[in-house]
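Reader: Could you walk me through this structure, one question at a time? I'm new to this, so please explain the terms as we go.

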Amino acid sequence: MKQYFYTHPNTIVETPEIFVKNEATQNVGTVQRMYGNGVSRFFDRMMDYKYFVKYEAHIQDYARAMCRKISRKGRVFYRAEIEGEKPFEIGYIGWRDLIPDLQITNGATTMILHKEHEGWSNFEWQDTDYARWQAVLNEETNQFEVELQIETIAPIQNPAFYIAIAQTTLFIGG
C-alpha cells in the first residue's frame with residue numbers, strides 16, 4: 001500500500017500550492033486549485049468559491065492529473081483527466097441518499113467513490129475498496145491533515161488522479 005499526506009488550509013478562499021509527502025515524509029508532488037484567468041476567479045468569489053472548481057495534482061514519476069466541476073443546465077458533474085489518457089466523467093448516484101456516492105467512468109473502467117463527511121471516503125472497483133482518502137481538521141493549526149492510501153490492486157496507480165478527484169469532489173464538493 002502507498003500512502004500520501006498533505007495539509008490544506010481550512011478555507012476555500014486561498015489557493016496555495018500544497019506539497020504532498022510520501023510515507024517517508026519526502027516532498028513528492030503538489031496539488032493546487034487553479035483558475036483559467038482572473039475573470040473566472042472573480043466570478044468564483046462572487047459565487048462563494050464553489051462554482052469554478054478545478055484542482056491539478058502532480059506526483060513525481062506519474063502524469064499530471066486534473067479534476068474540475070462542471071455545471072450545465074442545472075446538472076452538476078465532474079471531469080477528471082490524466083495527461084494523455086481518456087477523461088473520466090464523474091456523476092452523482094443515489095441522489096436521494098443523504099450523502100450520494102459518485103460514479104467515476106471512462107467507458108472502459110467504472111469506479112465508485114463512497115463519500116463520507118467524516119472518516120474515510122473509499123474508492124471501489126469490482127466490489128473491492130482499493131483506495132481511501134480522508135481529511136481531518138487539526139483545530140490547533142486550523143488546517144486539514146489529509147491522507148490518501150492506494151492498494152496495489154488499484155486499477156489506476158497514479159496518486160495525483162485520486163488527490164485531484166478528492167480535493168474537487170470531497171473538499172469543496174457540490
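## Contacts, core and surface

Reader: Leaving out residues up to four places away in sequence, which residues does Ile104 touch?

Author: Contact here means heavy atoms within 4.5 Å. Not counting residues up to four places away in sequence, Ile104 touches Phe88, Glu89, Ile90, Thr109, Thr110, Met111, Leu113, Phe123, Phe161 and Ile165.

Reader: Before we go on, what kind of model is this?

Author: Residues are numbered from 1 along each chain as its sequence is written, and side-chain values use heavy atoms, with hydrogens and water left out. Local features need pLDDT of at least 70, side-chain atom pairs count only at pLDDT 80 or more, and totals for chains, interfaces and linings use all residues, since this is a predicted model.

Reader: Is Ile104 buried or exposed?

Author: Ile104 lies in strand β8 (residues 101-105); helices (H or I, at least four residues) and strands (E, at least two) are DSSP runs, numbered from the N terminus. Buried means under 20% relative accessible area, exposed over 50%, and partly exposed in between, with a 1.4 Å probe and protein chains only. Ile104 has 0% relative accessibility, so it counts as buried.

Reader: Which helix gives the most to the largest nonpolar core?

Author: A nonpolar core is a set of buried Ala, Val, Leu, Ile, Met, Phe, Trp, Tyr and Cys residues joined through side-chain atoms within 4.5 Å. The largest one has 41 residues, and Ile104, Phe123, Trp133, Phe161, Tyr162 and Ile165 touch the most other members. With nine residues, the top contributor to this core is helix α2 (residues 159-172).

Reader: In what order do the elements of the chain run?

Author: The chain's secondary structure comes to two helices and 12 strands. From the N terminus on, the order is β-β-β-α-β-β-β-β-β-β-β-β-β-α.

Reader: What is the radius of gyration of the chain?

Author: The radius of gyration is taken over C-alpha atoms, and the globule rule is 2.2 Å times the number of residues to the power 0.38. Those C-alpha atoms fill a box of roughly 40 × 35 × 35 Å along the principal axes. For 174 residues the rule gives 16 Å, and the chain comes close to that, so it is as compact as a globular protein of that length, with a radius of gyration of 15 Å.

Reader: How much of the area that the chain exposes do carbon and sulfur atoms supply?

Author: Accessible areas come from the Shrake-Rupley method with a 1.4 Å probe, and for residues only the protein chains shown count as cover. Of the 174 residues, 45% count as buried. The chain exposes about 9,400 Å², and the share from carbon and sulfur atoms is 47%.

Reader: Which residues make the nonpolar surface patch of about 640 Å²?

Author: Patches are made of residues with over 30% relative accessible area and no salt bridge, where like charges are joined within 9 Å and nonpolar side chains (Val, Leu, Ile, Met, Phe, Trp, Tyr) within 5 Å. One member, Tyr51, sits in the loop between α1 (38-46) and β4 (54-59) and is partly exposed at 32% relative accessible area. The full patch is Val39, Phe42, Phe43, Met46, Met47, Tyr51 and Phe52.

Reader: Which side chain does Arg33 meet in a salt bridge?

Author: A salt bridge is a side-chain nitrogen of Lys or Arg within 4 Å of a carboxyl oxygen of Asp or Glu, and a search of the whole structure finds four. Arg33 counts as buried at 3% relative accessibility, and so does its partner at 0%. The N to O distance is 2.8 Å, and the partner is Asp44.

Reader: How far apart in sequence are the parts tied together by Arg132 and Glu151?

Author: The closest N and O atoms of this salt bridge are 3.2 Å apart. Arg132 lies in strand β11 (residues 128-138) and Glu151 in the loop between β12 (143-150) and α2, so the pair ties together parts whose separation in sequence is 19 residues.

Reader: What is the phi of Thr25?

Author: Most residues other than glycine have a negative phi. Thr25 is in the loop between β2 (18-22) and β3, and is exposed at 57% relative accessibility. Although Thr25 is not a glycine, its phi is positive, at about 60°.
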